[in-house]
Amino acid sequence: MMPLMFASPGDEVIIKKVGGSAETKKHLEDLGFVVGGALTVVNSGSGNLIVKVKETRIAITKEMAAKIMI
């Protein structure tokens with residue numbers, strides 16, 4: 001397992017764990033980041049990641065990506 005922030009653009013990964021506070025977990029779950037769900041890293045720029053979850057592109061910070069384990 002490793003944090004999502006270390007995935008490279010083009011990687012298709014499965015979410016194994018979502019960490020953080022209850023509020024953070026709920027927010028990520030609402031965005032589609034659920035355990036067992038697949039996502040693709042579209043781009044990783046300066047401080048942010050763009051990921052594709054359920055046919056939707058979402059930009060998240062590296063701090064938030066560190067809470068998502070793949």
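These legends accompany several close-up views of a predicted model.

**View 1. The hairpin of strand 4 and strand 5.**
Here strand 4, residues 48-53, lies antiparallel to strand 5, residues 56-61, and six bridges join the pair. Two residues separate the strands in this hairpin. Look at Lys-54 in the turn, whose phi is positive, at about 50 degrees. At the turn end of the ladder, follow Val-53 across to Thr-56, its bridge partner in strand 5.

**View 2. A salt bridge between Glu-55 and Lys-52.**
Staying with this part of the chain, we turn to side chains. Glu-55 and Lys-52 form a salt bridge, with 3.6 Å between their closest N and O atoms. Glu-55 is exposed, at 69% relative accessible area, while Lys-52 is partly exposed, at 33%. This pair belongs to a set of two salt bridges in the structure.

**View 3. A salt bridge within helix 1.**
The side chains of Lys-26 and Asp-30 meet in a salt bridge, with an N to O distance of 2.9 Å. Both residues sit in helix 1, which spans residues 22-31. They are four residues apart, or about one turn of the helix. Asp-30 is exposed, having a relative accessible area of 54%; Lys-26 is partly exposed, with a value of 46%. As a general reminder, side chains of opposite charge can pair when their charged atoms come close.

**View 4. The largest nonpolar core.**
Now for the interior: the largest nonpolar core is made of 17 residues. Leu-4, Phe-33, Leu-39, Val-51 and Ile-60 have the most contacts inside this core. Strand 3 (38-44), strand 4 and strand 5 are the elements that each supply two or more of its residues. Strand 4 gives the most, with three residues. In soluble globular proteins, nonpolar side chains tend to be buried together.

**View 5. The surroundings of Ile-60.**
Centre your attention on Ile-60, one of the core residues with the most contacts. Leaving aside residues up to four places away in sequence, Ile-60 touches Leu-4, Phe-33, Gly-47, Asn-48, Leu-49, Ala-65 and Ile-68. Among these, Leu-4 and Phe-33 are also listed with the most contacts inside the core.

**View 6. Met-1 and its contacts.**
Finally, we visit Met-1, in the segment before strand 1 (12-14). Met-1 is exposed, with 67% relative accessible area. Beyond residues up to four places away in sequence, Met-1 touches Lys-16, Lys-17, Met-69 and Ile-70. Met-1 and Lys-17 are 16 residues apart along the chain, and 8.8 Å separates their C-alpha atoms.

Key. Residues are numbered from 1 along each chain as its sequence is written. This is a predicted model: local features need pLDDT of at least 70, side-chain atom pairs count only at pLDDT 80 or more; totals for chains, interfaces and linings use all residues. Side-chain values use heavy atoms; hydrogens and water are left out. Two strands pair if DSSP finds at least two bridges between them. A salt bridge is a side-chain nitrogen of Lys or Arg within 4 Å of a carboxyl oxygen of Asp or Glu. Buried means under 20% relative accessible area, exposed over 50%, partly exposed in between (1.4 Å probe, protein chains only). Contact means heavy atoms within 4.5 Å. A nonpolar core is a set of buried Ala, Val, Leu, Ile, Met, Phe, Trp, Tyr and Cys residues joined through side-chain atoms within 4.5 Å.
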